[in-house]
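Visitor: Could you walk me through this structure, feature by feature? I would like to learn how to read each one.

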Amino acid sequence: MLARWIEEAGIPTVTVTMMPEVAVHAPRVVGVEFPFGHPFGLPGDVALQRRVLLTALTVLAGASAPGTRVDVDVEWPVPLRDAYKSWQPAEPSPIVAAMLARMRGEG
Amino acid sequence: MRVDSFRFLPRSFRPLYEHVAAPEGEMPWAPFEPRLAGATIALLSSAGLHLEGIQPPFDLERERREPTWGDPSWRSIPAGVAAGELGMCHLHVNSADVLADPNIALPTDRLAELAAEGVVGAVAPQHVSVMGYQERSLDGWRSTTLPEVLDLLRGEAADGVVLAPV
């Protein structure tokens, strides 16, 4: 929602997101199919970070209508199983832990 | 290629994010007027970054006590920050990769390079860091953080903001 509010205040925004389907509030969206925590790519991968940022700037400056979405056509270079595991925190977040406890009937 | 928004999401979380409806009302639109090569650009990350030892970290202890609460405060991050100067507070993602190279969440170095090459006009002196997990109402963001962030962005004459939720 920050994007929407900043835009409402008159400052143009672009949102780089792993979940473009969910970013329905944002006026300009760049989608990346990357693990959470990695909107601009892999650590040390200057070329990929630059590509995503350039795409975002192009959409920021060039989009002509609200609701513009452009997806970055890059497949995450790490095997899915490893990538899926490695973005997640070592311990479940408090809200996830609480939900899991409730599902097990503890809460 | 169309991005699959759910590729890296555990299947059990999927119902929380599917069928998200757009907020009511018209989509806001602020036209981007300047040439990119003449524009000042700011970054905003939701990775919960702070200047280690200088700024207070985001409050994770309260979130541990109250799992539906998330720290709504914000930090300004100087554009020239070095990787080792940042700390990260976010209980919902693994912070190792961001701490190894903060450019994956807040690409300060990449933006500075594009400014040096003349692709963008200038880098805003301060970028913005928030912690992305928030109370459902977003009251803290709306009442305090948003006006303060807008003051910062206006003060540094930012022509556009690149936001990156983690």
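**Reading the model together**

Guide: Gladly! Let us begin with a single residue: Gln55(B) has 16 C-beta neighbours inside 10 Å, so Gln55(B) counts as partly exposed. Keep in mind that this is a predicted model.

Visitor: Where does Gln55(B) lie, and which residues does Gln55(B) touch?

Guide: Gln55(B) lies in the loop between strand E2 (49-51) and helix H2 (60-65) of chain B. Not counting residues up to four places away in sequence, Gln55(B) touches His50(B) and Arg75(B). Sequence separation and spatial distance can be read side by side here: Gln55(B) and Ser76(B) are 21 residues apart along the chain, and their C-alpha atoms are separated by 9.2 Å.

Visitor: What separates the C-alpha atoms of Arg64(B) and Leu91(B)?

Guide: A distance of 9.0 Å, with their positions 27 residues apart along the chain. Arg64(B) sits in helix H2 of chain B. Because 13 other C-beta atoms lie within 10 Å, Arg64(B) is partly exposed.

Visitor: And how many residues apart along the chain are Pro31(B) and Gly48(B)?

Guide: They are 17 residues apart along the chain, with 29 Å separating their C-alpha atoms. Pro31(B) belongs to the loop between helix H1 (14-17) and strand E1 (40-45) of chain B.

Visitor: Why is Pro31(B) called exposed?

Guide: Because Pro31(B) has 8 other C-beta atoms within 10 Å, and a residue is exposed if that count is 12 or fewer. For chain A, try Tyr84(A), which is placed in helix H3. Tyr84(A) has 17 other C-beta atoms within 10 Å, so Tyr84(A) is partly exposed. The C-alpha atoms of Tyr84(A) and Val72(A) are separated by 19 Å, and the two residues are 12 apart along the chain.

Visitor: How should I read backbone torsions?

Guide: Start with the general idea: most residues other than glycine have a negative phi. Leu138(B) has a positive phi, near 60 degrees, without being a glycine. Ala157(B), also not a glycine, has a positive phi of about 55 degrees.

Visitor: Where are Leu138(B) and Ala157(B) found?

Guide: Leu138(B) is in the loop between strand E6 (126-130) and helix H5 (139-155) of chain B. Ala157(B) is in the loop between H5 and strand E7 (160-164) of chain B. Leu138(B) counts as partly exposed because it has 16 C-beta neighbours inside 10 Å. Ala157(B) is exposed, because 12 other C-beta atoms lie within 10 Å.

Visitor: Now for helix packing. What describes two packed helices?

Guide: The angle between their axes and the distance between the axes. In this model, the axes of H2(A) and helix H4 (residues 108-116) of chain B come within 10 Å and cross at roughly 70 degrees. H2(A) and H4(B) are therefore roughly perpendicular to each other. The crossing of H2(A) past H4(B) is right-handed.

Visitor: Which residues make the contact?

Guide: H2(A) contributes Gln49(A), Arg50(A) and Leu53(A), and H4(B) contributes Arg110(B), Leu111(B) and Leu114(B). By class, the contact of H2(A) with H4(B) has 3 nonpolar, 1 polar and 2 charged residues.

Visitor: How many residues of chain A are in contact with chain B?

Guide: The contact involves 59 residues of chain A and 52 residues of chain B. On the side of chain A that touches chain B, helix H1 (2-8), strand E1 (13-17), H2, helix H3 (80-86) and helix H4 (94-103) each supply at least two residues. That side of chain A divides into 36 nonpolar, 15 polar and 8 charged residues.

Visitor: How many residues does the largest nonpolar core have?

Guide: The largest nonpolar core has 71 residues, and those with the most contacts inside it are Val16(A), Ala56(A), Ile41(B), Ala42(B), Val161(B) and Val162(B). Helix H2 (residues 46-62) of chain A gives the largest share of this core, 8 residues.

Visitor: What is Val161(B) in contact with?

Guide: Leaving aside neighbours within four places in sequence, Val161(B) is in contact with Ile6(A), Ile11(A) and Thr13(A) of chain A, and with Ala42(B), Leu44(B) and Leu153(B) of chain B.

How values were computed: Residues numbered from 1 in each chain as written. Chains lettered and ligands numbered in written order. Predicted model: local features only at pLDDT ≥ 70, side-chain atom pairs only at ≥ 80, totals over all residues. Core = buried A, V, L, I, M, F, W, Y, C linked by C-beta atoms within 7 Å. Buried ≥ 20, exposed ≤ 12 C-beta atoms within 10 Å, placed from the backbone. Helix = DSSP H or I, 4+ residues; strand = E, 2+ residues; numbered from the N terminus. Contact = placed C-beta atoms within 7 Å. Axes fitted to C-alpha atoms, helices over the stretch in contact; angles between N-to-C directions. Parallel < 35°, antiparallel > 145°, perpendicular 65-115°, else oblique. Left-handed = near helix turned anticlockwise from the far one by under 90°. Nonpolar A, V, L, I, M, F, W, Y, C, P; charged D, E, K, R; others polar.
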